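Me: I have a model open and do not know how to read it. Could we go through some helix pairs and some single residues?

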Amino acid sequence: MFRFDHAFLKNLGLDSMQDEEQQSLLEHIYKELELRVGIRLSEEMSDELLNEFGKLDTNSPDALSWLKNTRPNFKEVIVEEQRKLRDEVLAEKDRILSSNQ
């Protein structure tokens, strides 16, 4: 796994953006990652499991433990979605830079 941070943007050549724009882009990427991972993980869950997970605080150790037991491949899903997002951001690099000038 890798982190979506300022070093990530620098590696993609997006470090010329203003700090506020970088932060906004990072927040957008992170929210998109959460959404995509959530969709992927929920695709194979029954309604009962979805309800069970919905009752957990997603930032708690209980949620992580629940995912490890219920969706043992959750880390692979996260990595796959991170790579997809990284590739999409890289493909849109020129557009992102031009819209922030």
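Reply: What follows is a walk through helix packing and a few side chains. Keep in mind that this is a predicted model.

Me: Start with packing. At what angle do helix α2 and helix α5 pack, and how far apart are their axes?

Reply: An angle between helices is read between their N-to-C directions. Here α2 covers residues 19-42 and α5 covers residues 74-91. The two pack at an angle of about 135°, and their axes are 9 Å apart.

Me: Is α2 oblique or roughly parallel to α5?

Reply: Roughly antiparallel would need an angle over 145 degrees, and roughly parallel one under 35. With about 135° between them, α2 is therefore oblique to α5. As for handedness, α2 passes α5 in a right-handed crossing.

Me: Which residues make the contact between α2 and α5?

Reply: Contact is judged by heavy atoms within 4.5 Å. On the α2 side, the residues are Ile29, Glu32, Leu33, Arg36, Val37, Arg40 and Leu41. On the α5 side they are Phe74, Val77, Ile78, Glu80, Glu81, Gln82, Lys84, Leu85, Glu88 and Val89. Sorted by character, the residues of this contact comprise nine nonpolar, one polar and seven charged.

Me: Glu81 is in that list. Is Glu81 buried or exposed?

Reply: Burial is read from relative accessible area, with buried meaning under 20%. Glu81 has 4% relative accessibility, so it counts as buried. This residue sits in helix α5.

Me: What do the side chains of Glu81 and its partners do there?

Reply: A polar contact of 2.7 Å links the side chains of Glu81 and Arg40. Another, of 3.3 Å, links those of Glu81 and Lys84. Leaving out residues up to four places away in sequence, Glu81 touches Leu33, Arg36, Val37 and Arg40.

Me: How far is Glu34 from Glu81 in sequence and in space?

Reply: Distance along the chain and distance in space are separate readings. Glu34 and Glu81 are 47 residues apart in sequence, while their C-alpha atoms are 9.3 Å apart. Glu34 belongs to helix α2. Its relative accessible area is 45%, so Glu34 is partly exposed.

Me: Now another pair. How do helix α3 and helix α4 pack?

Reply: The reading goes by angle and axis distance again. Helix α3 (residues 47-54) and helix α4 (residues 61-70) pack at about 160°, with axes 11 Å apart. Because angles over 145 degrees count as roughly antiparallel, α3 is roughly antiparallel to α4. The crossing of α3 past α4 is left-handed.

Me: Which residues meet between α3 and α4?

Reply: From α3 come Leu49, Glu52 and Phe53, and from α4 come Ala63, Trp66, Leu67 and Thr70. By character, this contact of α3 with α4 has five nonpolar residues, one polar and one charged.

Me: Back to α2. Is Gln22 buried or exposed?

Reply: The same kind of reading applies as for Glu81. Gln22, in helix α2, has a relative accessible area of 4% and is therefore buried. Not counting residues up to four places away in sequence, Gln22 touches His6, Leu9, Leu14, Asp15 and Met17. The side chains of Gln22 and His6 are joined by a polar contact of 2.7 Å.

Me: And Asp19, is it buried or exposed?

Reply: Asp19 is also found in helix α2. Its relative accessible area is 55%, so Asp19 is exposed.

Me: How far in space are Asp19 and Lys68?

Reply: A distance of this kind is taken from C-alpha to C-alpha. Asp19 and Lys68 are 36 Å apart in space and 49 residues apart in sequence. For Gln22 and Leu56, which are 34 residues apart along the chain, the C-alpha separation is 31 Å.

Me: One last residue. Where is Ser99?

Reply: Ser99 lies in helix α6, which covers residues 93-99. A polar atom of the Ser99 side chain is 3.0 Å from the backbone oxygen of Ile96. Ser99 and Glu21 are 78 residues apart in sequence, with 10 Å between their C-alpha atoms.

Notes. Residues are numbered from 1 along each chain as its sequence is written. This is a predicted model: local features need pLDDT of at least 70, side-chain atom pairs count only at pLDDT 80 or more; totals for chains, interfaces and linings use all residues. Side-chain values use heavy atoms; hydrogens and water are left out. Axes are lines fitted to C-alpha atoms, for helices over the stretch in contact, and angles run from 0 to 180 degrees between N-to-C directions. Helices (H or I, at least four residues) and strands (E, at least two) are DSSP runs, numbered from the N terminus. Angles under 35 degrees count as roughly parallel, over 145 as roughly antiparallel, 65 to 115 as roughly perpendicular and the rest as oblique. A crossing is left-handed if the near helix is turned anticlockwise from the far one by less than a right angle, and right-handed if clockwise. Ala, Val, Leu, Ile, Met, Phe, Trp, Tyr, Cys and Pro count as nonpolar, Asp, Glu, Lys and Arg as charged, and the others, Gly among them, as polar. Buried means under 20% relative accessible area, exposed over 50%, partly exposed in between (1.4 Å probe, protein chains only). A polar contact is a pair of N or O atoms within 3.5 Å; within protein, one must be able to donate a hydrogen and the other to accept it, and residues adjacent in sequence count only if both atoms are side-chain atoms.
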